[in-house]
Amino acid sequence: MSTTSSDELGTEQEPIEFPQLRPSLFELPVAYKELRDRCPVAHAEFPNGTRGWLLTRYDDVKALTRDRRFSARTDAPGFPQIYKGQVLPELANRSIVAMDPPDHSDQRRLISQFFTLKVAESYREAIGGFVDELIDRMLEMERPVDLVEQLALPLPIWVICHLLGIPLENRDLITERTNVRLSYTSTQDEVATATRELQAYIGELIEEKRSAPADDLTTKIVADHDAGLISHGDLVDMIQLLIIAGHETTAHSISLSIVALLSHPEQLEELRANQALLAPAVEELLRYTSISQTTVPRVAQEDVEISGQVIATGQGVRALVCSANHDPAVFDDPEGFSIHRDARQHMAFGFGIHNCIGQTYARIEMQEAIWRIFNRLPGLRLAVPVEKLDVKWEAGVHGLHSLPVTW
Ligand code: HEM
């Protein structure tokens, strides 16, 4: 990976180190506020020494996600990696999230029928039923109970396993490998091993579906592969992406949402009494918690001017959706939490052609989990002070290792 010198970047500003850490659970890194105010297109240094840019304002982040002059390809020189060192070729992300049109649109089209609102809504009852089952199990347990282990993580894993037709007994395998992949602190060797193991499992799953087709997404794209519509490598990468993107994100959104609501007891009481507030509350929780800390990464394919700064061909950019979600130009009192705010324009699911395909499921899972937890366990409370929670401070997806609760 080539590095770009400060002069080539055309700025005298000392590069800001990326990623930056949050000072507390719901606060964004302090530097983002200053950058939004004074330096919205900021010179940055990424962990492997590559230099590029950070975008922190809502309008700039949104504009970048819609701008076809930026590529999502992680193999483009200058791509702003968050892993340390050179990226091993086998670790390069070649799934749709790292593709440009027309490959991106061709492959996204193959799976989009599984993610429509109608199909996702058809799972709502089963999702609600599974949440109830998990709560029933929790009620039998000795308290405190870890809500991450008992509910926030099993729920999205169950959904992604159903969608892909993965037997539930393999869920630990996919959870552990994903954890390694998403941690800033994993070494390249650890990430490489986890990736190879996950890919080996996906290879077995593909063979299973070929010999015993079922009504699931994996069977559908295996048939697309056999019809010559997608290569074997792209098929494996697609399933891997869905596994990785589909579960930790939603799990962390659920557990952080529970903490956010418990920290605002008056709003929680209002919500519990009025189901009409549930959908808007979930949008505000997505905005307020803003778990995607490092997306959206792109590389300029030609010189592009953003907010007066030229981003030259080949330079990397990270347009921070978390910072956009806390931009006072769009959200009044952005650090405040209010379920009465119209937060629908948040960018927690990205924007443009790469917007989150799984957002339909994520919303339903969050809504069903939050509603049922607080109504079935009205006395729910944290078993440790907020400051003592075991937070994943160093991860691309913000979240909790555990969430001890009692009631
Ligand atoms: C609250 C939970 C979730 C959050 C916050 C989230 C966030 C995001 C974001 C910010 C992007 C855009 C990335 C970019 O532009 O580079 C994205 C893309 C994506 N997400 Fe999610 N996601 C969530 C849940 C899910 C679920 C449940 C699934 C699958 C079942 C999923 C699958 C995907 C896929 C496949 C993409 C790539 C889409 C493309 O490139 O066309 N996500 N997600």
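**The ligand shell and helix H11**

A polar side-chain atom of Arg 108 lies 2.7 Å from an oxygen atom of the ligand, and I count such a pair as a polar contact when two N or O atoms are within 3.5 Å, with the added conditions within protein that one atom can donate a hydrogen and the other accept it, and that residues adjacent in sequence count only through side-chain atoms on both sides. This is a predicted model, in which local features need pLDDT of at least 70 and side-chain atom pairs count only at pLDDT 80 or more, while totals for chains, interfaces and linings use all residues. Residues are numbered from 1 along each chain as its sequence is written, and side-chain values use heavy atoms, with hydrogens and water left out.

His 104 also has a polar side-chain atom 2.7 Å from a ligand oxygen, and for Arg 298 the distance from a side-chain N or O atom to an oxygen of the ligand is 3.0 Å. Two or more residues of the shell come from each of helix H4 (103-111), helix H12 (232-262) and strand S6 (297-300), with H12 giving the most, seven residues; helices (H or I, at least four residues) and strands (E, at least two) are DSSP runs numbered from the N terminus.

Which atom is the protein donor of the ligand's iron? That is the SG of Cys 356, at 2.3 Å, the only protein donor, where donors are N, O and S atoms within 2.8 Å of the metal (3.2 Å for Na, K and Ca), and the site may look incomplete since water is not among the atoms. Cys 356 sits in the loop between helix H15 (321-324) and helix H16 (359-376).

Turning to helix H11, Gly 228, just after this helix, takes a positive phi of about 80 degrees.
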